[in-house]
Every structure is written in structure tokens, then in C-alpha cells.
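This report sets out selected structural features, proceeding from the whole chain to helix packing, strand pairing and individual residues. The sequence and structure are shown first.

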Amino acid sequence: MRDPYEVLGVPRGASAAAIKSAYRKLAKKHHPDSNKNDPKAAARFAEINTANEILGDEEKRKQFDRGEIDAEGKPRFTGFPGGGGAGGRSGPGGFESYTFRSDGGAGGFEDILNSMFANAGRGRAGGAGRASSFEFDTGGVGLDLDVTVSMSVSLEEAVKGGEKRVRLPNGKEVNIKIPAGVSEGQQIRLRGQGETAPGHPPGDLLITVQIAPHPFFKVDGSDLRVDLPITLYEAVLGGKVRVPTLGGAVELSIPRNTSSGRIFRLKGKGLPRPTGTPGDLFVTTRIMLPDGNDAELEMLMQKWRDGHPYNPRNDLT
């Protein structure tokens, strides 16, 4: 995974607004629905979403800048300084655990511990002048060998299902099958894919699903919401406009004199429900004026204003 600043093409000191704007442009450009003949579009789109999850979240962005999480939002595991050497073995989470023993005569760290704790710990009887042993060991009952990681999926992947490769904290990569209809916060358990330790059954891999923000749709339970830009003349005269849905664009009839903020409901165009009946898609109109100054439009509005004055804010005063 590349640096999220590099993925979105913004400098490290970029404002939240600049990051949001860069994400929207890239998400729109690389969306799989707009690049159906490009097999790499889905991977680029997922990378853009992952970068936005980090930089678009103020706390996660600070954690990344401090080096506490990596480019995928995973905690960085650095282990203990000075690790390595004889007697070490891999423990849960990628850390090294060690057993310190003293057989007498050598002196060193074990002797200091034995002199402090006397016969505490698991000691062994020794001969005259021979110090008893003090032992550290991570063995025994109660080891938590489960590994919990998060996995970000696009809204389309959550609905249709698919397969995704996930990197674990220990560096291992596994392919995860995403069930169709998976929801935010749902956990996928892979038994026996967690950490291992001698004398213990392997732990499980618990994957928590996170649905990445979509460039158009907002999730509201099982429903979806989308803002639909319309022109001034479409609002006044009415007409048919294309509306994006998860299953492809559909035509929506806009009645005459439609105000900005009017909501239309498209039944069954939302997310799948456990009951089998999908949610709905709520479309909110947003009247957009053309970019730049338009002298002809201004003259028309001035003439219309003088002949047809009205105040839509009467109820607010």
C-alpha cells in the first residue's frame, strides 16, 4: 500500500477540504462503474478509499503522521528493542518472548533477579554456592492467540461480495472471501488462522468489516441517499434525468417547478436486508447554476424578478 498522501496526490500539510476534494475527483475518475474495461480500476478505487479513510479522519491522520499506523491503517508492530538472540521464540502479535535461566556460576541478569526475589518463582534446588533459578515463561493456560484485524471494503463489494487480500500484523497475507450483503462492523472468523504457541491450539483470525465512504451514496441503515444535481431549466420545465444506483443508472422523471431539496424515493434500490426485501434509495435534488457569469441569464432573471416577485422566506420572519 502506497503512502496515502501520494495516493490522493496532496501534500502532508493539505487542509481537510483539499483532501476531501482530491478524494472525490479521484473516486469519480477511477470508479469501477466508469472503467468497466479496466481490470485494475477496482484495485485503484480500493486504494483511493483506503487512503481517504486515513487522511479523511482527523485522528487517524494524526496517528499516521506520528507513525503509529501504516498506510492501511494497521497498528505498527515494532517489538521490543534489543530483541533477538538465543532463547527467543515468537509469541502472539509478532513479539519475542524469552526464558531466562541460571545454572549457577555465570552471573549476570539472572543472578540479579535471584538475589532480589530469593526463591520466588519456579526455582530449582542447587548445590552449595549455587543460586536457585528464576524463570520467565509465557507458557501456561489462558493464552489469547486470536488475531483481530479490520478490512475495508467498497460499498459495491459489501453488496455483491467478492474476494480481497488482507495483510496481517505479522506480515502474512491471506485471501478473504467477502459474503454478499456484509454489513458495517460484521466479523468474519477464520478458524485456526491466528497465532500459534507450543502446546496450544492455534487461535482464530477475526476480521472486522469496515465499509469505505462512497463518492456518491450515503448509507442510512438499509437505505441509501444521494444528491442529484439538476439544472435550473430542468427544475422549472421538468424532464427526465439519469440517477446512479448500485445496479446501474435509471431514469427519474422530474416534475415541473421542482425545488432544490425535494426528495424522491426509489423503492428497492437500497441495500439488501436480512429479511430479503432491499432498502430504498432516496434522491435529493440540488439545483446547480452554470459556472461563471451569464449575462443573458442575469437579464432574464432581472426581468422575471420585476414581473413576478415572491419571497420563499416569509415563514422565517
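## Helix 2 against helix 3

I19, Y23, L26, A27 and H30 of helix 2 are in contact with A41, R44, F45, I48, N49, N52 and L55 of helix 3. By residue class, this contact comprises 8 nonpolar, 3 polar and 1 charged residues.

Helix 2 covers residues 16-30 and helix 3 covers residues 41-55; their axes come within 9 Å and cross at roughly 165°. Angles over 145 degrees count as roughly antiparallel, and helix 2 and helix 3 are therefore roughly antiparallel to each other. The crossing of this pair, helix 2 and helix 3, is left-handed.

## The chain as a whole

The model is predicted. Its protein chain contains 8 helices and 13 strands. Of the 317 residues in the chain, 32% are buried.

Among contacts with a separation of 6 or more, 46% are accounted for by residues 24 or more positions apart.

## The start of helix 2

A16 lies in helix 2. With a relative accessibility of 60%, A16 counts as exposed, since the cut-off for exposed is over 50%. A16 and E58 are separated by 42 residues in sequence, while their C-alpha atoms are 8.3 Å apart in space.

## The hairpin of strands 4 and 5

Strand 4 (residues 162-167) pairs with strand 5 (residues 173-178) in the antiparallel sense, over 6 bridges. Within this pairing, R167 stands opposite E173 of strand 5. The two strands, 4 and 5, form a hairpin with 5 residues between them, and G171 in the turn has a positive phi of about 95°.

After the hairpin, A180 is located in the loop between strand 5 and strand 6. A180 counts as exposed, at 56% relative accessibility. Leaving aside residues up to four places away in sequence, A180 touches A158, V159, K160 and G161. A180 and G162 are 18 residues apart in sequence, with a C-alpha to C-alpha distance of 7.4 Å.

## The sheet of three strands

An open sheet is formed by 3 strands in the order 3-7-6, with mixed pairing. Strand 3 (147-153) and strand 6 (187-190) occupy the edges; each has a single partner strand, so one side of each is left without a neighbour in the sheet. On average, neighbouring strands of this sheet are turned by 25° against each other, direction ignored.

Strand 3 pairs with strand 7 (residues 205-211) in the parallel sense, and 7 bridges make up this pairing. V149 stands opposite I207 in strand 7.

## The sheet of four strands

A further open sheet has 4 strands in the order 8-9-13-12, and its pairing is mixed. The edges are held by strand 8 (218-220) and strand 12; each has a single partner strand, so one side of each is left without a neighbour in the sheet. From one strand to the next, the twist averages 30°.

Both pairing senses can be followed through strand 13. Strand 9 (residues 223-230) runs parallel to strand 13 and is joined to strand 13 by 7 bridges; here D227 stands opposite T284. Strand 12 (residues 263-266) instead pairs with strand 13 (residues 281-287) in the antiparallel sense, over 4 bridges. F264 has V283 of strand 13 as its bridge partner.

## Faces of strand 12 and the preceding loop

Which side chains of strand 12 point to one face and are buried, and which point to the other? F264 and L266 point to one face and are buried, whereas I263 and R265 point to the other and are not buried. In a regular strand, side chains alternate between the two faces of the sheet.

N257 is found in the loop between strand 11 (250-254) and strand 12. The backbone of N257 has a positive phi of about 55°, although this residue is not a glycine. N257 is exposed, with a relative accessible area of 62%.

Notes: Residues are numbered from 1 along each chain as its sequence is written. This is a predicted model: local features need pLDDT of at least 70, side-chain atom pairs count only at pLDDT 80 or more; totals for chains, interfaces and linings use all residues. Side-chain values use heavy atoms; hydrogens and water are left out. Axes are lines fitted to C-alpha atoms, for helices over the stretch in contact, and angles run from 0 to 180 degrees between N-to-C directions. Angles under 35 degrees count as roughly parallel, over 145 as roughly antiparallel, 65 to 115 as roughly perpendicular and the rest as oblique. A crossing is left-handed if the near helix is turned anticlockwise from the far one by less than a right angle, and right-handed if clockwise. Contact means heavy atoms within 4.5 Å. Ala, Val, Leu, Ile, Met, Phe, Trp, Tyr, Cys and Pro count as nonpolar, Asp, Glu, Lys and Arg as charged, and the others, Gly among them, as polar. Two strands pair if DSSP finds at least two bridges between them. Buried means under 20% relative accessible area, exposed over 50%, partly exposed in between (1.4 Å probe, protein chains only).
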